[in-house]
Amino acid sequence: MPYPELYNWDSCAQFVADFLSMVPLSDPLQPPSHLSSSTTVIKCQKGNCFDFSTLLCSMLLGAGYDAYCVNGYGSQDLCHMDLTREVCPLTVKPKEIVQEKEMAPPKKYSVKPPRDLSSRFEKEQEMKKQEGIRAEEERQLRKEEVRLQEVENANSDPLHGLRVHCWVLVLSGKREVPESFFIDPFTARSYSTQDDHFLGIESLWNHKNYWVNMQDCWNCCKDLVFDLGDPVRWEYLLLGTDKPYLSVTEEDDSDLNDEDDEDNLGKEEEDKSFDMPHSWVEQIEISPEAFETRCPNGKKVIHYKRAKLEKWTPYLNSNGLVCRLSTYRDLECTQTLEIKEWYQNREDMLELKHINEITGLVIDYFKPGHPQALRVHSYTSMQPETDRIMEFYEKARVDGLIKREETPKTMTEYYQGRADFLSYRHVNFGPRVKKLALNSAESNPRPMVKITERFFRNPAKPADEDVAERAFLILEERIQLRYHCREDYITASKREFLQRTDVDSKGNKIIMTPDMCISFEVEPMEYTKKLLYQYEAMMQLKNEEKLSRHQAWESELEVLEILKLLEEEEAAHTLTISIYDTKRNEKSREHREAMERVMHEEHMRQVEAQLDYLAPFLAQLLPGEKLTRGQAMRLKDECLSDFKQRLIDKANLIQARFEKETQELQKKQQWYQENQVTLTAEDEDLYLSYCSQAMFRIRILEQRLNRHKELAPLKYLALEEKLHKDPRLVEFLRGYV
């Protein structure tokens with residue numbers, strides 16, 4: 001089958017579980033009276049556990065697994081496909097692998113850490129309090145487990161151990177399967193061969209043989225040995241099993257032969273075994289439509305413990321929803337905790353939506369390709385200037401933005417891979433001065449109070465000149481700088497600029513004074529103390545402050561643009577359709593049909609042109625000119641004379657080739673007569689070979705010429721009759737003989 005997903009046991013089992021609808025056995029204590037073939041099960045798209053297992057086993061055998069159908073006994077939950085006591089696998093969080101950080105070796109002259117002045121008594125009291133809380137939680141958890149166990153015991157199954165069930169066994173060996181395991185075809189879940197859900201085995205079979213279990217199942221399937229070559233444990237029914245027999249010593253073999261001879265003395269042994277008949281079932285075929293639809297009617301619902309899983313076929317929902325997982329607080333599934341929704345084929349690249357019903361937090365996950373390179377969007381409201389977190393694909397953005405966190409009063413951005421080494425920007429906003437009905441960053445932007453920026457280390461600059469953090473205190477008109485720390489240094493240089501707007505005694509504006517720059521330098525330099533250097537640095541910082549404020553304002557506008565785009569996409573929820581999907585892609589289908597129509601019309605025109613013997617003569621008439629009787633007679637005569645001339649030309653061509661071959665043969669014979677004495681044996685062989693081929697060509701040409709002379713009059717008469725019956729000439733030639 002042309003579906004790579006079906007060549008692995010897990011995806012193959014999941015397809016069977018989704019594709020079929022479960023029908024319970026008519027009698028839970030007896031196996032069915034007959035088994036349906038895999039092709040019948042696919043056509044009906046429903047069946048019992050035996051039908052599920054037959055189809056799954058057939059597909060696994062085709063994929064190269066050593067698979068068998070098992071007839072045995074299962075638990076009530078397994079037979080009824082009841083997963084309300086099982087935890088949904090989508091809710092199980094993978095174990096986080098904690099990687100231990102390598103501790104750097106302590107330096108010889110490192111600074112000692114400060115003394116811990118916290119109270120050990122308070123720590124002990126806090127630990128006791130936490131232990132008490134954990135103990136109380138564990139006690140409540142055990143109490144709840146006991147209550148649930150009592151409820152389950154009260155609803156114990158009276159048919160425990162008697163319910164017939166069929167599942168699939170996959171033995172180790174083929175397809176690099178390390179250990180044998182069971183597959184429940186209803187749920188596509190794998191189990192160990194020692195699982196408590198499987199209570200016993202009567203027999204198992206596949207396309208090669210049928211084996212009867214001879215082992216005791218008092219301990220369920222935990223003590224069973226799946227060595228099908230052991231006739232003591234597994235009795236085979238048909239010949240031709242490919243499982244090896246257990247090795248028997250020569251002494252035991254001789255004893256067995258003696259006993260058989262004594263028992264069968266004077267009796268004629270009869271062979272009552274028979275071979276496996278050939279399969280009469282058609283090959284399994286799954287159409288692309290059925291493979292894509294999967295679930296019956298396009299939808300399937302599975303109930304788990306405190307969870308509900310819903311599946312849909314792609315393109316069934318207009319918003320692209322294909323899966324929804326709802327988790328609940330209680331066992332009755334009435335109080336929703338959170339909802340996860342998976343999407344496919346969305347034009348906005350939305351892949352997953354995670355909704356927390358308690359906190360109202362919504363997290364949207366996007367695949368690569370979003371117009372704004374959005375990766376994750378966490379929010380509680382789509383209104384601007386509220387709490388939200390946006391994460392981006394930094395390689396798809398020019399500015400290298402990774403993450404943006406926004407609150408009503410702040411906005412924080414994280415960068416990576418920028419040419420200016422910017423890594424962090426934090427903007428504090430103040431209250432708006434103007435009160436408008438609709439406040440936004442475009443019409444009434446929030447006033448910026450403080451902008452803090454951090455930078456990665458630039459190796460091209462000295463540490464004392466490479467800014468690590470700068471803060472623009474806009475209202476206070478101050479700029480604070482902190483530089484990177486040198487290696488093996490514990491302090492870093494700092495500098496603060498004051499932007500004064502005062503005037504001196506003469507009324508002139510003060511541009512720069514020594515008290516407008518307060519600095520702390522680890523290793524002071526002479527040029528940094530000069531007033532000109534400080535003035536140029538402050539002017540550059542003023543320009544960078546304007547640039548930072550402008551970039552922060554653009555970030556606000558970008559947030560508004562993204563929110564507007566998300567709202568439009570959510571309202572439209574347009575789905576993308578592949579150009580190869582001709583059934584759903586209207587433009588592609590119309591284009592393909594138009595191309596096929598044009599090609600068909602062109603082909604018909606070529607065929608008509610090839611078969612229309614009057615086309616060259618009708619082309620002599622003017623466009624739109626009606627045919628007259630005289631013209632019809634002239635067309636007929638011209639067509640017949642042209643055909644007659646073609647027949648004569650063909651006869652002359654054959655006659656010319658015949659005469660040419662005859663003359664060449666005569667010349668060759670004359671040459672042979674003249675040089676017969678001096679010819680070698682090889683030359684004579686070449687001469688005889690040439691004569692033989694020439695005579696063959698002459699004979700063929702003579703036959704073609706005679707046949708052409710016989711058929712030419714008949715062809716001429718046939719064309720004349722066809723012209724008299726031609727619908728374009730028939731009314732003009734009706735009275736003409």
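This dialogue walks through some features of a predicted model, from the whole chain down to single residues.

Reader: Happy to start wide. What does the secondary structure of the chain come to?

Author: The chain has twelve helices and 25 strands. Buried residues make up 35% of its 737 residues. The accessible surface comes to about 48,300 Å², and 53% of that belongs to carbon and sulfur atoms. For contacts between residues at least 6 apart in sequence, 50% join residues at least 24 apart.

Reader: Next, the nonpolar cores. How many residues does the largest one have, and which have the most contacts inside it?

Author: The general idea is that in soluble globular proteins, nonpolar side chains tend to be buried together. Here the largest nonpolar core has 37 residues, and Met59, Leu60 and Ile286 have the most contacts inside it. Elements giving two or more residues to this core are α1 (9-19), α2 (38-44), α3 (49-62), β3 (67-74), β4 (164-170) and β5 (181-184). Helix α3 supplies the largest share, eight residues. There is also a second, separate core of 34 residues, with Phe392, Phe455, Ile479 and Leu481 among its members.

Reader: Let's stay with α3, then. How many of its residues are buried?

Author: Eleven of the 14 residues of α3 are buried, so the helix is largely enclosed by the rest of the structure. Among these buried residues are Phe50, Phe52, Leu55, Leu56, Met59 and Leu60, and also the polar Asp51, Ser53 and Thr54.

Reader: And how do I read its length and its ends?

Author: For length, set the end-to-end distance against the rise per residue. From first to last C-alpha, α3 reaches 20 Å, close to the 20 Å expected at 1.5 Å a residue. At the N-terminal end, Asn48 acts as a cap, with a side-chain oxygen 3.0 Å from the backbone nitrogen of Phe50. After the helix comes Gly64, whose phi is positive, near 100°.

Reader: What span should helix α8 have, and how far apart are its end C-alpha atoms?

Author: Helix α8 covers residues 531-572, and at 1.5 Å a residue its 42 residues should span 62 Å; the end C-alpha atoms are 61 Å apart, which agrees. His573 follows α8 and has a positive phi, near 35°.

Reader: Should a positive phi catch my eye?

Author: It is a handy thing to scan for: most residues other than glycine have a negative phi, and most peptide bonds are trans. Cys333 is not a glycine, yet its phi is positive, about 60°. Cys333 sits in the loop between β12 (321-328) and β13 (336-343), and at 26% relative accessibility this cysteine counts as partly exposed. Asn345, also not a glycine, has a positive phi of about 65°. Its place is the loop between β13 and β14 (350-356), and at 24% relative accessibility Asn345 counts as partly exposed.

Reader: Now strands. Which residues of β8 lie on its covered face and which on its uncovered one?

Author: In a regular strand the side chains alternate between the two faces of the sheet. For β8 (residues 210-213), Trp211 and Asn213 form the covered face, while Tyr210 and Val212 form the uncovered one. Strand β5 shows another pattern: Phe181 and Ile183 point one way, Phe182 and Asp184 the other way, and all are buried.

Reader: Which strands pair with these two?

Author: Strand β8 is joined by three antiparallel bridges to β7 (residues 198-205) and by three antiparallel bridges to β9 (residues 234-236). Trp211 stands opposite Leu204 on the β7 side, and its bridge partner in β9 is Tyr236. For β5, three antiparallel bridges link it with β4, and four antiparallel bridges join it to β6 (residues 189-192). Phe182 faces Leu169, and its bridge partner in β6 is Tyr191. In the hairpin of β5 and β6, Ala188 takes a positive phi near 65°.

Reader: One last residue: is His377 buried or exposed?

Author: His377 is buried, with a relative accessible area of 0%. This histidine is found in strand β16 (residues 374-379). Its side chain makes a polar contact of 3.0 Å with that of Arg388. Beyond residues up to four places away in sequence, His377 touches several others, including Val362, Phe366, Met390, Leu563 and Leu566.

How values were computed
Residues are numbered from 1 along each chain as its sequence is written. This is a predicted model: local features need pLDDT of at least 70, side-chain atom pairs count only at pLDDT 80 or more; totals for chains, interfaces and linings use all residues. Side-chain values use heavy atoms; hydrogens and water are left out. Buried means under 20% relative accessible area, exposed over 50%, partly exposed in between (1.4 Å probe, protein chains only). Two strands pair if DSSP finds at least two bridges between them. A nonpolar core is a set of buried Ala, Val, Leu, Ile, Met, Phe, Trp, Tyr and Cys residues joined through side-chain atoms within 4.5 Å. Contact means heavy atoms within 4.5 Å. Accessible areas come from the Shrake-Rupley method with a 1.4 Å probe; for residues, only the protein chains shown count as cover. The expected span of a helix is 1.5 Å times one less than its number of residues. A polar contact is a pair of N or O atoms within 3.5 Å; within protein, one must be able to donate a hydrogen and the other to accept it, and residues adjacent in sequence count only if both atoms are side-chain atoms.
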